[in-house]
Amino acid sequence: MDKKTLNTLIQKFKPLMFGILLLPFLWMVYQTVLAPQSLGADPTKALVDHSGEWAIRSILFALAITPLRILTGLTGWIHWRRMAGLFAFFYALVHFLVYIGFFLQLDFSRIYQEIIHRPYIIVGAIALILYLPLVITSTKEWQRRLKRNWIKLHKLVYLIGILAVVHMTWLKKVGLMDTWPYALILVVLLLIRLIPKLKAQKNNF
Ligand code: HEM
């Protein structure tokens, strides 16, 4: 199949991918509303953990779009980039709302104690805040307006990925022993981005 057909196919699959990325959220809603017993003895912790897991998985998926383009040579993947990025923000937001809604039960007076008890929350909060300028400027209009600064600004997504892995590793009793798959995937996705640069350098020699 030629590249043109493959690129069209990737675009055609975008609505299906949207549905697949929405499934974990729909499943969490189903569990919460219709099958809370499936969340186990501590449903609140289970929901915070599940939403956290999908927050980190979706940011890694968003970071995988450019490597997919580099490795396959197909530009069609770019049409998934904004969708993947917005879903990564969506799951981080769901995770945060589950935390303040169910965990804190909107009792903000407990935040100070929570931060003392769970300092890794600060790393999570910074990652969540760093999403905001990316979400706001994710439109074509902003891309046109910011030009090269848009590319520079959206490199923040690398830092969000790193903060997500640090947040998860810090909270895990066994640290990287538990989170090394996420850390490894992140490192590989960031390294693949160097391939075109290394190729260009090699051609210059
Ligand atoms: C203000 C923002 C955030 C707060 C308050 C927060 C809070 C928490 C808390 C309380 C836990 C559960 C700890 C436990 O199991 O005892 C957790 C787990 C987690 N969070 Fe966050 N988080 C935030 C942002 C984020 C972001 C932005 C990401 C990823 C992009 C993320 C990814 C995760 C992951 C992967 C886990 C581990 C889930 C597991 O145990 O499998 N969090 N977070």
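Helices (H or I, at least four residues) and strands (E, at least two) are DSSP runs, numbered from the N terminus. The model shown is predicted: local features need pLDDT of at least 70, side-chain atom pairs count only at pLDDT 80 or more, and totals for chains, interfaces and linings use all residues. Residues are numbered from 1 along each chain as its sequence is written, and side-chain values use heavy atoms, with hydrogens and water left out.

**Figure 1. Overview of the chain, which has 11 helices and 0 strands.** From the N terminus on, every element in the order α-α-α-α-α-α-α-α-α-α-α is listed as shown. The C-alpha trace spans about 55 × 35 × 35 Å along its principal axes. Of the 205 residues, 36% count as buried; buried means under 20% relative accessible area, exposed over 50%, and partly exposed in between (1.4 Å probe, protein chains only). Among contacts with a separation of 6 or more, residues 24 or more positions apart account for 68%, where contact means heavy atoms within 4.5 Å.

**Figure 2. Asn-7 in helix H1 (residues 3–12).** Asn-7 has a relative accessible area of 15% and is therefore buried. Leaving aside neighbours within four places in sequence, Asn-7 is in contact with Leu-74, Thr-75 and Gly-76.

**Figure 3. The iron atom of the ligand and its protein donors, His-95 (NE2) and His-167 (NE2).** These two donors lie 2.0 to 2.1 Å from the iron atom. The pair links distant parts of the chain: His-95 belongs to helix H4 (residues 78–103) and His-167 to helix H9 (residues 156–171), 72 residues apart. Donors are N, O and S atoms within 2.8 Å of the metal (3.2 Å for Na, K and Ca); water is not among the atoms, so sites may look incomplete. The arrangement is octahedral because the 6 donor atoms around the iron atom subtend angles of 87 to 179 degrees. Six donors count as octahedral if opposite donors are over 155 degrees apart and all others between 65 and 115. Ideal angles for six octahedral donors are 90 or 180 degrees. Both histidines are buried, His-95 with a relative accessible area of 18% and His-167 at 16%.

**Figure 4. The shell of 22 residues around the ligand.** The closest residues are Lys-45, Glu-53, His-95, His-167 and Lys-172; a residue is near a molecule or strand if one of its heavy atoms lies within 4 Å of it. H3, H4, H6 and H9 each supply at least two residues of the shell, and the largest share, 7 residues, comes from H3. An N or O atom in the side chain of Glu-53 is 2.5 Å from an oxygen atom of the ligand. A polar side-chain atom of His-95 lies 2.8 Å from a nitrogen atom of the ligand, and an N or O atom in the side chain of His-167 is 2.8 Å from a nitrogen atom of the ligand.

**Figure 5. Helix H6 (residues 120–136) and its covering elements.** The 17 residues of H6 should span 24 Å at 1.5 Å a residue, and the end C-alpha atoms are 26 Å apart, which agrees. The expected span of a helix is 1.5 Å times one less than its number of residues. Buried residues of H6 are Tyr-120, Ile-121, Val-123, Ala-127, Leu-128, Leu-130, Tyr-131 and Leu-134. Their cover includes helix H3 (43–72), H4, helix H5 (111–117), helix H8 (148–153) and H9.

**Figure 6. Helix H9 and the approach of Val-123 in helix H6.** H9 has 16 residues and reaches 23 Å from its first C-alpha to its last, close to the 22 Å expected at 1.5 Å a residue. Among its buried residues are Val-157, Ile-160, Leu-163, His-167 and Met-168. What covers the buried residues of H9 includes H3, H4, H6 and helix H10 (176–192). Val-123 is buried at 10% relative accessibility. Not counting residues up to four places away in sequence, Val-123 touches Leu-163, Val-166, His-167 and Trp-170. The C-alpha atoms of Val-123 and Val-166 are separated by 7.4 Å, although these residues are 43 apart along the chain.

**Figure 7. Leu-106 and Lys-147, two residues with positive phi.** Most residues other than glycine have a negative phi. Leu-106, in the loop between H4 and H5, has phi near 60 degrees and is exposed, with a relative accessible area of 53%. Lys-147, in the loop between helix H7 (140–146) and H8, has phi near 50 degrees and counts as exposed at 60% relative accessibility.

Methods:
Tetrahedral: all angles 85-135°; square planar, octahedral: opposite > 155°, others 65-115°. Polar contact = N/O pair within 3.5 Å; in protein donor to acceptor, adjacent residues only side chain to side chain.
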